[in-house]
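Trainee: Got a minute? I have a new structure open and would like a quick tour.
Mentor: Sure, bring it up.

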Amino acid sequence: MALKYELQEVEVWDGNYAASHALRQAQVDVVAAYPITPSTPVVENYGQFVADGYVDGEFVMVESEHAAMSGCVGAAASGGRVATATSSQGFALMVEVLYQASGMRLPIVLNLVNRALASPLNVRGDHSDMYLGRDAGWIMLDSFNAQETYDLNLCAFRIGEHRDVRLPVMVNQDGFITSHTAQNVRPLSDEDAYKFVGVYEPIDELLDFAKPVTYGAQTEEDWHFEHKARQHKALIDSRPVIENIFVEFEKLTGRKYNRVESYMMEDAEVAIVALGSTVESARVVAKYLRDNEGIKAGIVAPRVIRPFPFDAIRTALENCKAIGAMDRSAPGGALGMLFNEVSAAVYTTSSRPIVTNYIYGLGGRDLTLEQIKDIYRELKKNADAGEITTKIQQFVGLRGPKLEFFETRRG
Amino acid sequence: MVEIRWHSRAGQGAVTGAKGLGDVVSTTGKQVQAFALYGSAKRGAAMQAFNRIDDEQIITHEKFMLPDFVLVIDPALVFTDNITLNDKATTKYIITTHLSKDELISQLPELQNKKDRVFVVDCMQISLETIGRAIPNTPMLGAFVKVSGMFELDYFLDRMKKVLSKFPQKIIDSNMQAITRAYNEVK
């Protein structure tokens, strides 16, 4: 029987340590992991918990991230609660198996501590790995600070394991900015956390010999399409389940999560759409601009990146005039993902706000509050002019001459 | 909001110091943030750690800051790091050095008009004599408690004991001595 861990009402934890404690409290059966910066402490701390008797489950050290996710798939198919963590190159190596996990409908929880992808080699935070995983069929949650990393990990087990969902779930946090920044975190007691997550109920487990099942079957043009369509439907249909679990979590903790988070949007004229810790920094700036420059600024942030909250994003943004979609990932010859997905959503409203794209923070480049102020001021100009007054895609915080692309042909 | 920048070498315990300070401050009901600029830094390489302290939840995540306190825990970094970067007219400096304050300032032109805001303490010597190793982070906390006036020494020592509770009693005791000595010796 696992030992109980004494926790203070307020702990000072970084995002990695918060994730480790959430995994411990969920009493995961199998963690198969291969450490990589900046996610290493998630499994390092967890391994310590196992060694010290705080966990009954198994910690499996493997030879690569491909093997880590393969181990998770095997353990989950066998009927266990399963989790792991990775970042960047490790995540890239996992990609093949990510699709297997979601296709087999295995509710694995993966902590993805966001980091840039090489080359050039870089260990710091951006969202390249998060974006790499967005078509893998996983539910993707995004935390903006360490408290949220902890909370969303507990929710992730509930969501993924729900009988109507049965899908793997990623919990994203910003490498270093969240993962290595210690802040006040209010954890649940071990009892309350476990009670919330609940006892794992396996479905179609391989180790149930009374009821043999097959995982990883082959389907060609006869059935593959139907399987993939059902997987997509399961993702889209997970929306109300996610919302209900967030409501339950609020009842327990007072902390409310939504598929799309909106801040100061009631009367906002201009809005930034962003992910990760940038959402919080933008809140500081929006408040400043409201108080000092009369700019009605707001923030909209997908808490759930997949299933993409097409409906909720549209509701959150349809009453503002100009939107800056901020992508922290090299766009690789296109507009940024948030720009493309947000634009598509608001295009189906009658108001059709103006959307522009800002690329920032690659490889951990600092995004300062001053830079965010400038973005809002540009958005305000767009809102006043009723058209895009800048290039559509701009790079922020880049050395050298300004890099920007595409002009509007609207208006 | 109070903002603190630590100048250190990787391995001297600035991150642990910043987190320890955060732990103690959080027990007063305040909100804290502790982070570092490192990454693939090697032991001995210059690095910086940071604290933010506020009454409200801290939601700014920029690395840029205008520090209220600059804590230098390696004696050579005052000559190689830009310790006055982004400082304010009120920024206070606590520098570990074996030199007297006048000797130090005479070698650092950038501190000459900030004399009344510069404090010196020999964290290296104190940690060698108390802890037995050159770990200047805990003595610096003692000096910070004195200069900032943020806590009573006894309160800080009591809370720090809890933060260090996983360590053997001997280590806890020597750290308490180091904090107390630096508190008394900082000038």
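Trainee: Let's start with chain A. How many helices and strands does chain A have?
Mentor: Chain A has 12 helices and 16 strands. Keep in mind that this is a predicted model.

Trainee: What is the radius of gyration of chain A, and what does the globule rule give?
Mentor: The radius of gyration is 21 Å, and the rule gives 22 Å for 411 residues. Those values are close, so chain A is as compact as a globular protein of that length.

Trainee: And what box do its C-alpha atoms fill?
Mentor: Roughly 70 × 55 × 45 Å, taken along the principal axes of chain A.

Trainee: What share of chain A is buried?
Mentor: Buried residues make up 54% of its 411 residues.

Trainee: What about contacts along the chain?
Mentor: Take the contacts in chain A with a separation of 6 or more. Residues 24 or more positions apart account for 78% of them.

Trainee: Which domains does the assignment give for chain A?
Mentor: Domain 1 covers 11-186 + 218-253, and domain 2 covers 261-405. Their C-alpha centres lie 27 Å apart.

Trainee: How many residues does each domain bring to the contact?
Mentor: Domain 1 of chain A brings 26 residues, and domain 2 of chain A brings 19 residues.

Trainee: Stay with the domain 1 side. Which elements give two or more residues there?
Mentor: In chain A, they are α5 (128-132), β6 (139-142) and α8 (224-253). The most comes from α8(A), with five residues.

Trainee: How do the residues on that side divide into nonpolar, polar and charged?
Mentor: On the side of domain 1 of chain A that touches domain 2, 12 are nonpolar, eight are polar and six are charged.

Trainee: New topic, sheets. What is the order of the strands in the eight-strand open sheet?
Mentor: The order is β1(A)-β8(A)-β2(B)-β3(B)-β1(B)-β4(B)-β5(B)-β6(B), with mixed pairing.

Trainee: Which are the edge strands?
Mentor: They are β1 (11-13) of chain A and β6 (118-121) of chain B. Each pairs on one side only.

Trainee: How many degrees are neighbouring strands turned against each other?
Mentor: In this sheet, 20 degrees on average, direction ignored.

Trainee: Zoom in on chain B. How many bridges join β1 to β4 there?
Mentor: Four bridges join β1 (residues 2-9) of chain B to β4 (residues 69-72) of chain B. The two strands run parallel.

Trainee: Which residue in β4(B) is the bridge partner of Trp6(B)?
Mentor: Leu71(B) is the bridge partner of Trp6(B).

Notes
Residues are numbered from 1 along each chain as its sequence is written. Chains are lettered from A and ligands numbered from 1 in the order in which they are written. This is a predicted model: local features need pLDDT of at least 70, side-chain atom pairs count only at pLDDT 80 or more; totals for chains, interfaces and linings use all residues. Domain bounds come from an automatic or database domain assignment. Two residues are in contact if their C-beta atoms, placed from the backbone, lie within 7 Å. Ala, Val, Leu, Ile, Met, Phe, Trp, Tyr, Cys and Pro count as nonpolar, Asp, Glu, Lys and Arg as charged, and the others, Gly among them, as polar. The radius of gyration is taken over C-alpha atoms; the globule rule is 2.2 Å times the number of residues to the power 0.38. A residue is buried if 20 or more other C-beta atoms lie within 10 Å of its own, exposed if 12 or fewer, and partly exposed in between; C-beta atoms are placed from the backbone. Two strands pair if DSSP finds at least two bridges between them. Axes are lines fitted to C-alpha atoms, for helices over the stretch in contact, and angles run from 0 to 180 degrees between N-to-C directions.
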